[in-house]
Amino acid sequence: MLWSKPDSCFLDLCKPFGIFRRWHQHQLLAASSLILLVAFAGKPTAADAQPFQAVPVTTTLAIAAPVVPSGGNLGIQSTQNFEQWKADFRKEALAAGVNPSLFDRTFAGITPDMSVIRADRSQPEFSRPVWEYLDGALSALRVRRGQMLLNQYADTLTAIEQRYGVDRRALVAFWGMESNFGSFQGNQSVIRSLATLAYEGRRRGFAHAQLLAALQILQQGDITPEKMLGSWAGAMGQTQFIPTTYNTLAVDFDGDGRRDIWGSPIDALASIAHYLQVSGWQKGQPWGFEVQLPNTFNYSLADGEIRKSVAEWIQLGVKLPNGASVPPGSEQLSAALLLPAGYRGPGFLILDNFRAAFKYNNSSSYALAANLLSERFTGAGQITSEWPKDDLPLNRSERMELQTLLSSHNYDAGNADGIIGTNTRKAIRAAQQSFGWPADGYPTPKLLEGLRNR
């Protein structure tokens, strides 16, 4: 969510626990930054740490050990010790209007959290394929729990729908995706985590701003320091908002005078609705639908920057499975084509509500899972096409090698950083065309091997 490049959703699991994704997503990315050809699973949300998967995950996540310089300080880049940094930050916070006694009480006993620095520095080598991510996100247990909560909060959801214009099943689906309906919110001190990141130096500017925003939340009285818990990267509560997003979009819907995204499901649901509303959610519209493509289809059109009306896609031979028709009124809606696993896997036409989900978490796999989950509550949301399970995603080292080989063959892939962004996808398409393959921009072991042998 934070500090990730806008086109880096191929690396949804390359930031440990995925929270960096959520920090970036809360900047309300413009729709033009949608990156749709996602090879790997979306970053895990807080809820994904719960052992509810219906299908065992077979891919091993190999976490690279952080580099620890001599002296054991995990590479802290600050030129000050922590107490000096805290004294300087206190002056800044007080100048911003933070009450001195609140600051002193909040920071009493706070020290850098080495687990936060380790998490910050870790980079998983492997990522789960999108189909394994969906197996967990759409587990039968999560679906049943969501169905129960739709009934339990029916009256509240009606009021939220009327206020914010966001469909109830979507609200419950995002609630489930972010925190497993509030049951897993993270248990680390947000203040300590953000103070560590602001002091440690690599992400100083962002963490600094979030830490000041967290102090403002405390000063407003919505939560106490002891109860301000969340992820190691500062995402908080049942909604997994970062502090600046909380200050902008969290709401008090239960009327108790506090915007309590930690303890109040009502406030959490309404806050999610407010977020989706400002992200462009269109009530009553489909998020998209699965489609099948003709054999002669030009796969280079599967690009987030290419948008056509649903009717125009149909004219190109795109059709729904089993002879189904598009939902009434959808023909003129603007859509892009998503191929989460390349041309060999399922395809989807995605509309405004998919893009709103993408803004909540800039991962196409996440947006797909959240929207499918909302449909699963009514027994729909099944994918008919098969995933190419024999075509496992490239790991980080292989992606970097692919980028190096692409550039060496005069297909400019940019920096060999393992991030499959816009430049790399264009290079992949050019290489695929040179082999006479469908130019879907999807990185595969076959392409890597072809370039190795060229």
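Let us start with a charge and a ring: the charged end of K446 sits over the ring of W437, 4.4 Å from the ring's centre. A similar arrangement involves R454, which lies over the face of F435 at 4.0 Å from the ring centre. Keep in mind as you look around that this is a predicted model.

Now step back to the whole protein. Its secondary structure comes to 18 helices and 6 strands. Of its 454 residues, 58% count as buried. Taking the contacts with a separation of 6 or more, 73% are between residues 24 or more positions apart.

How far can the picture be trusted? The mean pLDDT of the protein is 85, and 82% of the residues reach 70 or more. Over residues 1-44, however, the pLDDT is below 50, although this stretch has 205 contacts in the model beyond near neighbours in sequence. Residues 46-73 also have a pLDDT below 50, and that stretch has 57 contacts beyond near neighbours in sequence. Where pLDDT is low, the predicted coordinates should not be read in detail.

With that in mind, turn to helix α3, which spans residues 100-107. Which of its residues are buried? They are L102, F103, T106 and F107. Looking down the axis of α3, you would find these buried residues within an arc of 115 degrees, so they line one face of the helix. What does that face pack against? The buried residues of α3 pack against α2 (82-95), α9 (190-200) and α10 (204-220). Just after the helix, G109 takes a positive phi of about 80 degrees.

Two of the buried residues of α3, F103 and F107, also belong to a cluster of aromatic rings. Ring pairs link them with F82, W85, F89 and Y199.

That brings us to aromatic pairs in general. A pair of aromatic rings is described by the distance of the centres and the angle of the planes. A search of the whole structure finds 23 aromatic pairs. One of them joins F241 and Y275, a tilted pair at 5.8 Å centre to centre with 40 degrees between the planes. The partners come from distant parts of the chain, 34 residues apart: F241 is in the loop between β2 (229-230) and α11 (243-249), while Y275 is in helix α12 (residues 265-278). Are these two residues buried or exposed? F241 has 0% relative accessibility and therefore counts as buried. Y275 also has 0% relative accessibility, so Y275 counts as buried too.

Another pair is made by W287 and F348, whose ring centres are 6.2 Å apart and whose planes stand at 40 degrees, so this pair is tilted. W287 lies in the loop between α12 and β3 and F348 lies in strand β6, so the pair ties together parts that are 61 residues apart in sequence. W287 is buried, and so is F348.

Strand β6 leads us to the sheet. Strands of a sheet pair through backbone hydrogen bonds, either parallel or antiparallel. Here 4 strands form an open sheet with antiparallel pairing, in the order β3-β6-β5-β4. Why do β3 and β4 each have one side without a neighbour in the sheet? β3 (288-291) and β4 (308-309) stand at the edges and each has a single partner strand, so one side of each is left free of a neighbour in the sheet.

Follow the pairing inward from β4. This strand is joined to β5 (residues 334-338) by 2 bridges, and the two run antiparallel. S309 stands opposite S334 in β5, while K308 has A335 as its bridge partner in that strand. On its other side in the sheet order, β5 is next to β6, and 3 bridges join β5 to β6 (residues 347-350), again antiparallel. Within this pairing, A336 has I350 of β6 as its bridge partner. β5 itself is mostly covered, with 4 of its 5 residues buried.

Our last stop is a glycine. G418 is found in the loop between α16 (396-408) and α17 (422-435). Its relative accessible area is 0%, so G418 is buried. From G418 to T404 the separation is 14 residues in sequence and 9.7 Å in space, C-alpha to C-alpha.

Terms used:
Residues are numbered from 1 along each chain as its sequence is written. This is a predicted model: local features need pLDDT of at least 70, side-chain atom pairs count only at pLDDT 80 or more; totals for chains, interfaces and linings use all residues. Side-chain values use heavy atoms; hydrogens and water are left out. Two strands pair if DSSP finds at least two bridges between them. Buried means under 20% relative accessible area, exposed over 50%, partly exposed in between (1.4 Å probe, protein chains only). pLDDT is the predictor's confidence in each residue, from 0 to 100. Contact means heavy atoms within 4.5 Å. The arc is that of the directions from the helix axis to the C-beta atoms. Rings of Phe, Tyr and Trp (its six-membered ring) pair if their centres lie within 6.5 Å; planes under 30 degrees apart count as stacked, over 60 as edge-to-face and the rest as tilted. A charge sits over a ring if NZ of Lys or CZ of Arg is within 6 Å of the ring centre and within 35 degrees of the ring normal.
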